[in-house]
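Student: I have a structure to read and want to know how its descriptions are justified. Can we go through them one at a time?

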Amino acid sequence: MKKGKRSGGTVRSEDSEIVKGLCENLGASDWMSRLKAIEQLQEMSETHEEIVTANIIKIFDKFSSRLSDSNSKVNTAALATMKDIVPRLGESLSVVVNNVVPILVQNLAAKNPNISQTSNDILDLILEHVDMLVLVQPFSSATQYGNVRAKPAMVEKLSYMVERVYPRKQQTVVRNVLPVLWYLLGNMTGSGAVPGGSGNLRSATSTLANSLYTQMGEVLLQHAQNLPPRHAKTLKELVDDDT
């Protein structure tokens, strides 16, 4: 029996065959094969977590797509499994969040309330179990470029992150979150209601602006000096309304 090193122990040659088979089935054209592979991943995460973490990039290269699978049974099963394994895998997920987060954010705009709510729950679990410093960039990008119906919920999550990340790494917030705020200021219209959505973008933008202002103070307004006057004025109004 061949053995080699892996983090946290040894890896058996048959482990590689198991992972290979798992990945093939996760990407299979037959939906039942994909569904069985998701069940296998769930079981492996419970009984052989070390195999999953050692091969997490390879596995999620196939599994991520199942989070938005065209087959509703596969999609629902993948989301349920993801919700279960996030607390188990924790920081190991930091290497795959760039692929996973945009898919989950797109799901927030789904008409199926189960898909939308489960995806929201998973994003919250990721915030809880993965270092937020790693998450600022993918969450910011998905907020700015994701479906408009998902924006209010994502802006609220960014606001939550700002309060926790800025004291640790100011530049990470300035580089990633300020462009999102500038984008929102330039694209807010009227009441801030999102067509077909359930949140209010103006209200969420106000929350983000004030989270940033609480951390940055007048420095935020200094950064805004290069914005078009109308956008800078809106920012000042949002901050003043809350003070």
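Student: What makes Asn200 a cap at the N-terminal end of α11?

Tutor: In this predicted model, a side-chain oxygen of Asn200 lies 3.0 Å from the backbone nitrogen of Arg202. A polar contact needs N or O atoms within 3.5 Å, and 3.0 Å meets that limit, so the pair counts.

Student: How do you know that the span of α11 agrees with its number of residues?

Tutor: The helix has 16 residues, and the expected span is 1.5 Å times one less than that number, which gives 22 Å. The end C-alpha atoms of α11 are 22 Å apart, so the two values agree.

Student: What follows α11?

Tutor: Gly217 does, and its phi is positive, near 65 degrees.

Student: Why is Thr205 called buried?

Tutor: Thr205 is a residue of helix α11. Its relative accessibility is 0%, and buried means under 20%, so Thr205 counts as buried. Leaving aside neighbours within four places in sequence, Thr205 is in contact with Val155, Leu181, Leu184, Leu185, Met188 and Leu238.

Student: Which helices do the buried residues of α11 pack against?

Tutor: They pack against α9, α10, α12 and α13. Among these buried residues are Leu201, Ala204, Leu208 and Leu212. Leu212 touches Val162, Val173, Val177, Leu178, Leu181, Gly217 and Leu220, not counting residues up to four places away in sequence.

Student: Which residues have the most contacts inside the largest nonpolar core?

Tutor: Leu212 is one of them, and the others are Phe60, Met82, Ile126, Phe139 and Leu235. That core has 76 residues. Its largest share, nine residues, comes from α10. In soluble globular proteins, nonpolar side chains tend to be buried together.

Student: Why is the pair of Phe60 and Phe63 called edge-to-face?

Tutor: A search of the whole structure finds one aromatic pair. In that pair, the ring centres of Phe60 and Phe63 are 5.3 Å apart, and centres within 6.5 Å make a pair. The planes stand at 85 degrees, and planes over 60 count as edge-to-face, so the name applies.

Student: Where do Phe60 and Phe63 lie?

Tutor: Both are in helix α4, three residues apart, about one turn of the helix. Phe60 and Phe63 are both buried.

Student: Leu67 is in the loop between α4 and α5. What makes Leu67 count as buried?

Tutor: The relative accessibility of Leu67 is 0%, against a limit of under 20%, so Leu67 is buried. Beyond residues up to four places away in sequence, Leu67 touches Asn75, Ala78, Leu79, Met82, Val100, Ile103, Leu104 and Asn107. The C-alpha atoms of Leu67 and Ala77 are separated by 8.5 Å, with the two residues 10 apart along the chain.

Student: How do you know that the span of α7 agrees with its number of residues?

Tutor: For its 17 residues, 1.5 Å times one less than their number gives 24 Å. The end C-alpha atoms of α7 are 24 Å apart, so the expectation is met.

Student: What is found at the start of α7?

Tutor: A side-chain oxygen of Asn112 reaches to within 2.8 Å of the backbone nitrogen of Asn114. The limit for a polar contact is 3.5 Å, so this pair qualifies. Buried residues of α7 include Ile115, Ile122, Leu123 and Ile126, and the buried residues of this helix pack against α5, α6, α8 and α9.

Student: How many residues has α8, and what does it reach from its first C-alpha to its last?

Tutor: Helix α8 has 14 residues and reaches 19 Å, close to the 20 Å expected. At the start of α8, a side-chain oxygen of Asp131 comes to within 3.1 Å of the backbone nitrogen of Leu133. The buried residues of α8, including Leu135, Val136 and Phe139, pack against α6, α7, α9 and α10.

Student: How many helices and strands does the protein have?

Tutor: There are 13 helices and two strands. Of the 243 residues, 47% are buried. Among contacts between residues at least 6 apart in sequence, 68% join residues at least 24 apart.

Student: What pLDDT does the protein average?

Tutor: The average is 90, and 89% of the residues score at least 70. Over residues 1–10, the pLDDT is below 50. Beyond near neighbours in sequence, that stretch has 14 contacts in the model.

Methods: Residues numbered from 1 in each chain as written. Predicted model: local features only at pLDDT ≥ 70, side-chain atom pairs only at ≥ 80, totals over all residues. Heavy atoms only, no water. Helix = DSSP H or I, 4+ residues; strand = E, 2+ residues; numbered from the N terminus. Buried < 20%, exposed > 50% of the residue type's maximum accessible area, 1.4 Å probe, protein only. Contact = heavy atoms within 4.5 Å. Polar contact = N/O pair within 3.5 Å; in protein donor to acceptor, adjacent residues only side chain to side chain. Core = buried A, V, L, I, M, F, W, Y, C linked by side-chain atoms within 4.5 Å. pLDDT = per-residue confidence, 0-100. Phe/Tyr/Trp six-rings, centres within 6.5 Å; stacked < 30°, edge-to-face > 60°.
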